[in-house]
Amino acid sequence: MSWTSRAVVLMALVLSLSPFASAGGELRFALPFEPKTLAPNLATDDASETVQYLTGGVLIRVNRKTQQLRSELAESWKTAPDGKSITFQLRQGVHFSDGTPFTAQDVVHTFRLMMDPERQSPLADSFRTGDGQVQATADGPSTVTVRFPAAVAGVERLFDGVAIESAQSPLKGKAVLGPFVLAERRAGAFLVLKRNPNYWKKDNDGNALPYLDAIRIEIQSNPELESMRFRRGQFHLMSMIEPSQFDRLARAPGIEAVDVGASLDMEILWFNQVPKAPIEEYKKAWFHSREFRRAISEAINRDDLCRVVYRGHAVPGLGPISPANRFWRDAKLKPQAYAPESARSRLARVGFKSDGDLLRDSAGHPVEFSVITNAGNRAREKMAVLIQEDLRKIGIKLNVVPLDFHSLLERITRNFNYESCLLGFSNVDLDPNAQMNVWLSSAHQHPWNPAQERPATPWEAEIDRLMLAQASANNPEERKKHFDRVQEIVRREEPVLYLVHKNVLVGYSKKLGNVEPSILRPHVYWNVEYLTLDGQ
Amino acid sequence: MTWKRGIALGVLASIFGLAMCANLVAPYPYEKQFRDSVLAPPSAAFPLGTDDLGRDRLSRLIYGTRVSLLLAPAAALLTTLFAGAFGLLAGYLGGAWEWGGKAVTDLFLSLPWLFLLLMVRAMLPLNASPEASLVITFALLGLLGWAVSARLVASAARGLKDSEFVLQARALGQPSWRLLIRHALPNLRPVLAAQFWLAVPVFLLTEANLGFLGLGVAEPLPSWGSLLRELEDFAAVRENPLLLAPAVLLVIVLSCLHIAARGKEQWS
């Protein structure tokens, strides 16, 4: 063997032992639906957000593991003391996927597009805080200031969702700053993302990221088929595993199934308190009674909901903030214990009387009401049947009515022809500002009595005041103090009964390296640039 | 009566009889939850195991059979009565009656059944008891499913109109209503019977489909439709083939009804 040949073999050996050797390969997973849009900052559905997460470059990223902010395209940032502006110092020497340089003008251009009312970007509303325009101005080639008409508390986190678009590239939105770039798309079938050759990030050893060559996302709406293909090794990961499938997947060879813990989502039940609702007046009186709502809450066995419906992969509901949200949860609050005896005596104190197996109110009406939920959601239907049985034990008859989702929305948002509703809240943001649309009495998604002209009760007025106070305060500790108080009022008044927080259940192939599952979305591939595939 | 038809009717009678005595033969009430025995495998206490809410599958199957076997024939009877009345009038009287009848049946045939059922179910009062919602569901099926049968009956009635015995009766001066009731209707009986037997399995399957969508019979009342929802998880079926029990029973009943209906056609 010549010296040249020996040198080539040696070099190949050295390369095969370096971390870079594990680079490459195509990561494959499925999404249940086709992305509705591939345009940056217009995503309203999970599939579109996934593609944007994998391809878009952002100024600041929320680290899904630590829940802390980390710098990305912005090397540093500073929020003004009055909270009305934020200044970014941008990273230099960064290029878009087509080679166009990244400058402050791109950030300005992105904000101009995003705040354009005609584009109807869902992100724009989060930045609009008062009358006036949100404006981004370049203070130099690598300095940008974004100004808001009013202070936005926790504004930094909002930038996690803003993908920077190029002002100069002829490819416009197709030129990206994220780790991957869209290479191929067949509608209804798949998308292929290729490694961005100009991605700016490098690992600790100076190797270019991402490690993976490509990502293939298949559209697979049937979770059973997705699970089967995952078990067969055709997919490398599953992000939202049903509890019924989890134990089966955990037993499958070559698969790591992980219960990451409580998610930010919650399953809730509320009573209709809309004054003009077309339901009997005596029922409205029950639903307006705090003691009635608290009695129902005590009569529900949340441990059984977690154990039976979610097979142990859920935790009893705490309140508006999941235990997964480390900073914002009120540590003083504990889950409501199952206490049917206490529920009976609470009801007796406000005039309800037992009549054999039935409970009657002070006017003699039998206590019977219905709960609507969305048909086809097996977990909710099962929860409703368990609650039906729990309430039967204290003499209350509950009629479970699954409705198709459109009919259900019609009833809870337009004609208010319902008595109680069992539904879920999905939270993607840790910050309570994301819940403004739920807690303000004037909000259209205020579940039990939406769009009030004036707060109907003193405690709703107090929640309004506290929510606005936390939204305008800059000090996180002060904000938390206000929001803790909101959580305590909600717990005392129970306009919404928090049932369970379901856990995030994920699975991934043991071939996949550097996976650190998180309760925040995207649960498995949030650190996609560091993921590796064995055998590549 | 053929021997096959005899066996089919015998099996149907046995299943029907067993289902009618559900209170006596089912080991537990259908709604009783054994929350510490969720998804228990088959055992002496639970011969078919328990469902995902800890309810005895055998008890629910027996009660569910009663529900489905009582109400599907009732809905079929309703549909047959509608189809008989409508088809007889349209076919026998002809002219504007026939034209109008055709238009109405065309309208009913073009309606998207499933969406119509979803819509009507959504408009029902929310506090209807499970029993009431059950009756309403099957009544809806009966009221919406008569159009195909009506066309067949109309066609048969049209053929009768010019038959010799009807002409003779008309020549004797008998009024139209008497011709319809005394002469046409008895001769349509075989067609109506066949339509009845064919409608029963159709309604059983429709209710099962509604059950799959979560819009069939209200919980906790079981029906074949709600029981068949457990088959959605086919990995679970592989682990516990006894989950197929309601599907097997459905196939047996449908086969028996088919044999009975065919036998009835041949016999008549």
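This is a short talk on two chains of one model, starting with the domains and sheets of chain A and ending with the helices of chain B.

Please keep in mind throughout that this is a predicted model.

I'll start with the domains of chain A. The domain assignment gives domain 1 as 6–178 + 511–533, and domain 2 as 266–502. So how far apart do the C-alpha centres of the two domains of chain A lie? The figure is 36 Å. The two domains do touch: domain 1 of chain A puts 8 residues into the contact, and domain 2 of chain A puts in 13 residues. On the domain 1 side, the residues that touch domain 2 of chain A divide by class into 3 nonpolar, 3 polar and 2 charged.

Next, the sheets. One open sheet in chain A has 4 strands, in the order β4-β5-β7-β6, with antiparallel pairing. Which strands sit at its edges? They are β4 (74–79) and β6 (135–140) of chain A, and each of them pairs on one side only. Ignoring direction, neighbouring strands of this sheet are turned by 20° against each other on average.

Inside that sheet, look at β5, residues 85–90, and β7, residues 143–147, both of chain A. They run antiparallel and are joined by 5 bridges. If you want one pair to find on the screen, take A:I86, whose bridge partner in β7(A) is A:V146. There is also a helix on this sheet: α3 of chain A, residues 104–114, lies across β5, β6 and β7 of chain A. Its direction is at about 170° to β6(A).

Now another open sheet in chain A. It too is described by 4 strands, here in the order β1-β10-β9-β8, and the pairing is mixed. The edges are β1 (26–31) and β8 (180–186) of chain A; each has a single partner strand, so one side of each has no neighbour in the sheet. For this sheet the average turn between neighbouring strands is 20°, direction ignored.

The pair to look at here is β9, residues 190–195, with β10, residues 214–219, of chain A. These strands are antiparallel, with 5 bridges between them. A:K194 is found opposite A:A214 in β10(A). The helix that goes with this sheet is α2 of chain A, residues 46–55, which lies across β1, β8, β9 and β10 of chain A. The angle between α2(A) and β8(A) is about 140°.

One more helix in chain A: α11, residues 378–392. Does its length come out right or wrong for a helix of 15 residues? At 1.5 Å a residue it should span 21 Å, and its end C-alpha atoms are 21 Å apart, so the two agree. As for its surroundings, 11 of the 15 residues of α11(A) are buried, which means the helix is largely enclosed by the rest of the structure. Among the buried ones are A:R380, A:E381 and A:D390, along with A:M383, A:V385, A:L386 and A:I387.

Last, chain B. How many helices and strands does chain B have? There are 12 helices and 0 strands. Along its principal axes, the C-alpha trace of chain B spans about 75 × 45 × 30 Å. Of the 268 residues in chain B, 37% are buried. Taking the contacts in chain B with a separation of 6 or more, 70% are between residues 24 or more positions apart.

That is the end of the tour.

Conventions
Residues are numbered from 1 along each chain as its sequence is written. Chains are lettered from A and ligands numbered from 1 in the order in which they are written. This is a predicted model: local features need pLDDT of at least 70, side-chain atom pairs count only at pLDDT 80 or more; totals for chains, interfaces and linings use all residues. Helices (H or I, at least four residues) and strands (E, at least two) are DSSP runs, numbered from the N terminus. The expected span of a helix is 1.5 Å times one less than its number of residues. A residue is buried if 20 or more other C-beta atoms lie within 10 Å of its own, exposed if 12 or fewer, and partly exposed in between; C-beta atoms are placed from the backbone. Two strands pair if DSSP finds at least two bridges between them. Axes are lines fitted to C-alpha atoms, for helices over the stretch in contact, and angles run from 0 to 180 degrees between N-to-C directions. Two residues are in contact if their C-beta atoms, placed from the backbone, lie within 7 Å. Domain bounds come from an automatic or database domain assignment. Ala, Val, Leu, Ile, Met, Phe, Trp, Tyr, Cys and Pro count as nonpolar, Asp, Glu, Lys and Arg as charged, and the others, Gly among them, as polar.
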